[in-house]
Amino acid sequence: MSVHYRLLIGGQLVDGASHFEVMNPATETVLATCPKADGSQLEAAVRAARDAFPAWADTTQEARAALIQAIADGLLSRAEAFAHLLTAEQGKPLDQAHAEVMGTVFTLKAFAEMRIADKVLVDEPGHRVIEHRTPLGVCAAITPWNFPLVLLANKLGPCLMAGNTMVAKPAPTTPLTTLLLGEILADILPAGVVNIIADQNELGPLLTSHPDVMKVAFTGSTETGKKVMASAAGTVKRVTLELGGNDAAIVLDDMPPALAAQKVYQGAMTNAGQICVAIKRAYVHDSIHDAFCEEIARLAQAAVVDEGTRQGVTIGPVQNRMQFEKVSALLADARGKGQVLAGGAPLDRPGYFIPPTIIAGLDDEAPLVREEQFGPVLPVLRFTDIEEVIARANASDYGLAGTIWSRDVARATDIARRINTGTVWVNQHLAIDPRIPFRGVMQSGLGAELGEAGLLEYTQAHIINAVDLDR
Ligand code: NAD
């Protein structure tokens with residue numbers, strides 16, 4: 001396996017115009033040198049994708065599916081190496097890195113099994129109307145640093161399956177697994193079908209405004225998502241935005257507190273809380289609030305916080321310094337306003353380590369409750385009345401996901417219907433499935449990823465409306 005990372009442009013693995021260093025967040029030491037593309041390499045990548053598009057769009061769905069399967073198999077055959085690199089660049093514990101690699105394989109395979117069919121809208125004597133789906137052309141995939149592989153697969157699978165070509169740009173702090181995937185793509189795909197460039201946040205605006213890019217599939221923060229949307233407007237590009245969230249968990253009075261604590265802890269602390277759909281605030285019924293707090297604090301205290309490669313580690317570092325400082329500031333503010341039940345301060349050691357922290361007694365206006373913390377710090381809030389808690393959960397500009405926990409699924413489902421988010425889970429969390437569309441409402445996003453809806457986002461509807469001359 002090469003440790004000389006290269007860009008993928010026009011089927012060739014190439015060096016960047018310059019380079020930058022990628023850090024290991026667990027040690028704050030340099031992990032690797034990453035090639036950095038300049039504007040002319042971006043132009044070359046877009047041109048290669050544009051030139052490859054007509055022939056790729058002309059291939060059959062069966063042929064494209066076979067190549068997507070081959071990419072998934074190539075990744076599977078190197079799963080161990082990908083998982084180690086993912087832990088090194090992202091920080092997550094090795095078992096979670098394995099799970100991400102396997103999720104990437106599963107997602108690609110799920111898209112390789114999907115097919116796009118014509119839809120007959122009218123079929124009457126002498127008159128037939130068909131909605132036919134055509135690919136868009138060059139799509140840009142811009143991904144964040146929390147799940148660099150699987151969030152790319154969410155875009156790569158449907159983009160290729162629908163007959164489009166791609167220019168992918170990973171986040172500057174986690175580009176390495178994407179570049180390594182480029183080695184597999186270079187062996188399998190025709191030249192130019194997928195191109196990968198890396199940057200330090202300079203190239204995004206050039207991609208999102210480029211006249212030859214027909215769609216931008218973006219996952220990242222709401223602030224950057226707004227810039228992407230504005231930039232794409234100049235050429236009326238299609239955009240899919242998967243943005244931030246502030247997911248509420250609502251734990252009803254009939255929930256056993258220990259079970260609720262275990263489930264909410266997992267939903268909040270997996271990947272050190274750096275998941276768009278992590279539980280970011282937990283509303284717990286007054287009758288079980290104190291028992292719940294005791295249990296969840298116990299789980300947090302029992303966490304093993306260390307480098308992701310160490311055996312038994314459950315919480316790795318926060319991925320980068322900027323995020324570490326943001327979470328540390330939210331934590332410091334909350335510490336003064338609520339009661340710290342576990343954790344409470346960043347660890348005094350190299351690496352961006354924040355132990356899982358549980359804070360009770362905050363009011364809903366506290367920044368830790370109102371903002372997206374995106375780190376291992378969870379506020380637990382008390383409620384007594386269902387109407388009140390629904391209003392509190394919905395009092396957000398975000399609308400990504402949420403969960404209701406109860407023994408009574410029908411009661412929980414009725415409440416779920418009234419939560420204004422793209423997804424509401426009942427008695428489970430983080431249940432992302434490539435067969436099920438995923439979307440944010442309000443400032444959490446635009447358009448769908450995954451499922452048939454996610455696949456169709458990479459197509460345009462083309463109506464063919466035909467009548468017989470002698471009708
Ligand atoms: P970010 O917005 O800072 O960066 C995301 C990507 O955008 C990176 O590749 C970055 O280089 C690029 N970028 C930066 N400036 C750009 C610009 N002006 N134009 C185009 N691209 C630009 O996000 P992040 O900090 O890497 O990721 C964390 C955020 O992502 C959190 O808010 C999280 O909730 C969100 N997220 C959402 C989902 C989802 O599916 N809804 C999934 C994962 C993460």
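1. E295 is partly exposed in this predicted model, with a relative accessibility of 22%. Its side chain meets that of R298 in a salt bridge, with a distance of 2.7 Å from N to O. R298 is also partly exposed, at 49% relative accessibility. Since buried means under 20% and exposed means over 50%, the values of 22% and 49% both place their residues in the class between. The two residues belong to helix 10 (residues 286–301) and are 3 residues apart, so about one helical turn separates them.

2. A salt bridge with another setting joins R115 and E62, with 2.9 Å from N to O. This pair links distant parts of the chain, the two residues being 53 residues apart. R115 lies in the loop between helix 4 (94–112) and strand 5 (119–124), whereas E62 belongs to helix 2 (residues 61–77). The relative accessible area of R115 is 35%, and the residue is therefore classed as partly exposed.

3. R370 and E371 form a further salt bridge, in which the closest N and O atoms are 3.8 Å apart. The pair is counted because the cut-off is 4 Å between a side-chain nitrogen of Lys or Arg and a carboxyl oxygen of Asp or Glu. R370 has a relative accessible area of 41% and is partly exposed. E371 falls in the partly exposed class as well, at 32%.

4. Salt bridges also occur as a network, which links E28, R321 and E325. By the rule applied here, the structure has 27 salt bridges. In general, side chains of opposite charge can pair when their charged atoms come close.

5. Turning to the strands, an open sheet of 3 strands has the order 5-6-20 and antiparallel pairing. Strand 5 and strand 20 (459–467) stand at its edges, and each has a single partner strand, so one side of each is left without a neighbour in the sheet. Neighbouring strands of this sheet are turned by 15° against each other on average, with direction ignored. Strand 6 (residues 127–135) pairs with strand 20 in the antiparallel sense over 9 bridges. Within these strands, T134 stands opposite Q460 of strand 20.

6. How many cavities of 30 Å³ or more does a search of the whole structure find? The search finds 3, and the largest cavity has a volume of about 120 Å³. This cavity is lined by 19 residues, of which R281, A393, A401, I419 and T421 lie nearest its centre. Strand 12 (247–251), helix 13 (386–394) and strand 17 (402–405) are the elements that give two or more residues to the lining. By class, the lining of the largest cavity holds 9 nonpolar, 8 polar and 2 charged residues.

7. The second largest pocket has a volume of about 640 Å³. Its lining comprises 28 residues, and those nearest its centre are F147, V150, I275, L430 and I432. Two elements, helix 4 and helix 5 (150–161), give two or more residues to this lining. The largest share, 6 residues, comes from helix 4. The lining of this pocket divides into 15 nonpolar, 8 polar and 5 charged residues.

How values were computed: Residues numbered from 1 in each chain as written. Predicted model: local features only at pLDDT ≥ 70, side-chain atom pairs only at ≥ 80, totals over all residues. Heavy atoms only, no water. Helix = DSSP H or I, 4+ residues; strand = E, 2+ residues; numbered from the N terminus. Buried < 20%, exposed > 50% of the residue type's maximum accessible area, 1.4 Å probe, protein only. Pairing = 2+ DSSP bridges. Axes fitted to C-alpha atoms, helices over the stretch in contact; angles between N-to-C directions. 1 Å grid on protein atoms, 1.4 Å probe; cavity = no way out; pocket = protein on both sides within 12 Å on 5 of 7 lines; lining within 4 Å. Points joined across faces, edges and corners; volume = space filled by probe spheres on them. Nonpolar A, V, L, I, M, F, W, Y, C, P; charged D, E, K, R; others polar.
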